[in-house]
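Please open the model in the viewer and display side chains as sticks. The tour below proceeds by selection, with a short account of what is found at each stop.

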Amino acid sequence: MAELPFDGVRVVELSQWVLAPVAGALLADWGADVIRVERPGGDPYRGLLTQGIGADSAGGVNLSDALANRGKRSITLDLRTERGMAILHQLLGRAEVLITNMRQPALERLKLDADELTRRYPGLVYARGLGYGARGPEAGQAGYDASAFWARGGLAHILTQPQSASQPQRAAQSQHPTPSPSPEPIPQRGAMGDRSAAMALAFGIAAALVKRGRTGQGSVVDVSLLATAMWTLSSDLLSALQGVIPGPRPRRVNPVFGAYRTGDGRFIQLVFLESDRYWADFCRVLGREDLVDDPRFRDLFARRANADACAEILEGEFSRRTFAECRELLGSIDVPWAPVQAVEELLDDPQVIANDYIGEVAVEGGPTYRIPNVPVQFDGRPAQLRRAPENGEHTEQILLELGYTWEQIIELKDAGAAP
């Protein structure tokens with residue numbers, strides 16, 4: 001392959017779980033030499049079993065770990081030992097980037113905090129994946145994406161539908177009405193916040209490397225799950241900043257923006273933000289030319305004033321056609337729309353296939369498996385995905401690169417510094 005964007009960039013990753021490891025994987029996808037420092041016993045994420053994904057999910061490959069750690073090398077070090085810490089500092093002395101999501105108190109105990117390492121290595125890009133930010137009373141608190149991103153960051157609240165109006169009405173009819181409880185927040189899908197924050201962290205690292213190339217100086221790059229949630233909910237935050245409490249979106253304001261149920265129970269999403277531009281062609285393809293000049297619907301202001309009536313007509317048109325028929329009709333005109341797909345349908349989506357959005361990892365002597373590719377492509381090609389390392393798989397190789405002899409490596413293993 002041609003030279004990759006991060007060829008020659010050396011990264012030390014001192015992390016676990018998802019946020020910081022995925023940022024490292026994204027850099028590794030595009031050429032960085034990412035050395036993952038694991039503790040004896042390895043990252044606990046290696047043993048996590050969720051959503052049917054685990055140690056036996058692909059012929060013995062833990063696909064969650066494979067996604068987060070592809071393309072890296074792994075060294076096992078016991079940083080509680082003086083010699084293990086000395087090896088880490090040798091790695092840092094050769095690196096351009098450190099990625100970590102260890103909590104601040106632990107980093108300070110080990111003298112690996114940002115102040116200490118940027119003083120010792122002025123050119124180092126020190127990248128932190130945080131739960132709640134680098135400052136404030138909860139800066140050192142453990143933050144997973146289900147807590148810092150989903151719950152604390154407002155997504156669980158804004159995406160949970162309120163109880164239907166009928167429930168409090170029924171309670172009011174009883175002799176002793178009880179208040180309707182708030183609905184239980186909907187659960188988050190796996191690692192949504194972590195992977196979004198990882199993209200931001202990789203972007204921050206790339207920007208810091210550009211600055212480093214100009215000035216020779218490193219930077220401290222911070223990305224938190226809480227900030228990522230707020231960025232994701234920017235539209236709702238803009239409302240809140242204007243004193244408007246965000247609530248459920250009204251079902252119909254623009255009747256050609258929203259989901260419509262087809263006759264076989266599927267949904268089609270219309271996104272006609274410039275509705276006047278698309279209205280005539282849309283009506284004609286539905287065989288409803290009579291609606292084009294109907295005074296109730298002739299322009300976006302009229303359709304908004306008569307949104308319920310317009311939506312009722314469109315509901316009828318969609319309900320008498322199958323999902324496949326609706327797709328064929330809408331595919332024949334140039335309008336923004338999409339089928340509401342199940343995740344498993346993405347596997348055969350022609351756009352997914354044409355753009356290589358799912359990559360294949362071939363393991364010598366092992367199974368071949370598929371995982372989502374990095375969404376960034378360079379020069380019209382996807383990244384060539386490589387497998388994730390076993391815990392400590394490259395310990396000896398990396399120590400040899402650092403100048404250790406085999407006798408010294410055996411001594412380090414016996415002493416427990418690099419088991």
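Select glutamate 317, which is buried, with a relative accessible area of 6%. In this predicted model, the side chain of glutamate 317 meets that of arginine 320 in a salt bridge, at 3.0 Å from N to O. Arginine 320, by contrast, is exposed, at 54% relative accessible area.

Keep glutamate 317 selected and add Leu286, Phe318, Arg321, Cys326, Leu329 and Leu330: together they line the largest cavity. The volume of this cavity is about 30 Å³, and a search of the whole structure finds 1 cavity of 30 Å³ or more. Which helix gives the most to the lining? Helix 15 does, with 3 residues. Colouring helix 14 (307-319) and helix 15 (323-331) is useful here, as each supplies at least two lining residues. By class, the lining comprises 5 nonpolar and 2 charged residues, with no polar ones.

Next, select arginine 303 and aspartate 276, whose side chains form a salt bridge with an N to O distance of 2.6 Å. Arginine 303 belongs to helix 13 (residues 300-305) and aspartate 276 to helix 12 (residues 275-285), so the pair ties together parts 27 residues apart in sequence. Arginine 303 is buried, at 1% relative accessible area, while aspartate 276 is partly exposed, at 41%.

Move to glutamate 138 and arginine 152, another salt bridge, where the closest N and O atoms are 2.9 Å apart. Glutamate 138 sits in the loop between strand 5 (125-130) and helix 6, and arginine 152 in the loop between helix 6 and helix 7 (155-159); the two are 14 residues apart. Both are partly exposed: glutamate 138 has a relative accessible area of 28%, and arginine 152 has 44%.

Now select aspartate 145, in helix 6 (residues 145-151). What is the nearest side chain of opposite charge to this buried residue? It is arginine 195, at 7.0 Å, and aspartate 145 has no salt bridge. Its side chain does reach the backbone nitrogen of glycine 193, at 3.4 Å.

For a wider view, select Glu13, Arg36, Glu38, Asp43, Arg46, Asp65 and Lys72, which are linked in a network of salt bridges. The structure holds 26 salt bridges.

Finish with two backbone selections. Lysine 111 lies in the loop between helix 4 (104-109) and helix 5 (114-120) and has a positive phi, near 55°. Aspartate 379, in the loop between strand 11 (368-372) and helix 18 (395-401), also has phi near 55°. Lysine 111 is exposed at 58%, and aspartate 379 is exposed at 74% relative accessibility.

Notes
Residues numbered from 1 in each chain as written. Predicted model: local features only at pLDDT ≥ 70, side-chain atom pairs only at ≥ 80, totals over all residues. Heavy atoms only, no water. 1 Å grid on protein atoms, 1.4 Å probe; cavity = no way out; pocket = protein on both sides within 12 Å on 5 of 7 lines; lining within 4 Å. Points joined across faces, edges and corners; volume = space filled by probe spheres on them. Helix = DSSP H or I, 4+ residues; strand = E, 2+ residues; numbered from the N terminus. Nonpolar A, V, L, I, M, F, W, Y, C, P; charged D, E, K, R; others polar. Buried < 20%, exposed > 50% of the residue type's maximum accessible area, 1.4 Å probe, protein only. Lys, Arg positive; Asp, Glu negative; His and termini not counted. Salt bridge = Lys/Arg side-chain N within 4 Å of Asp/Glu carboxyl O. Polar contact = N/O pair within 3.5 Å; in protein donor to acceptor, adjacent residues only side chain to side chain.
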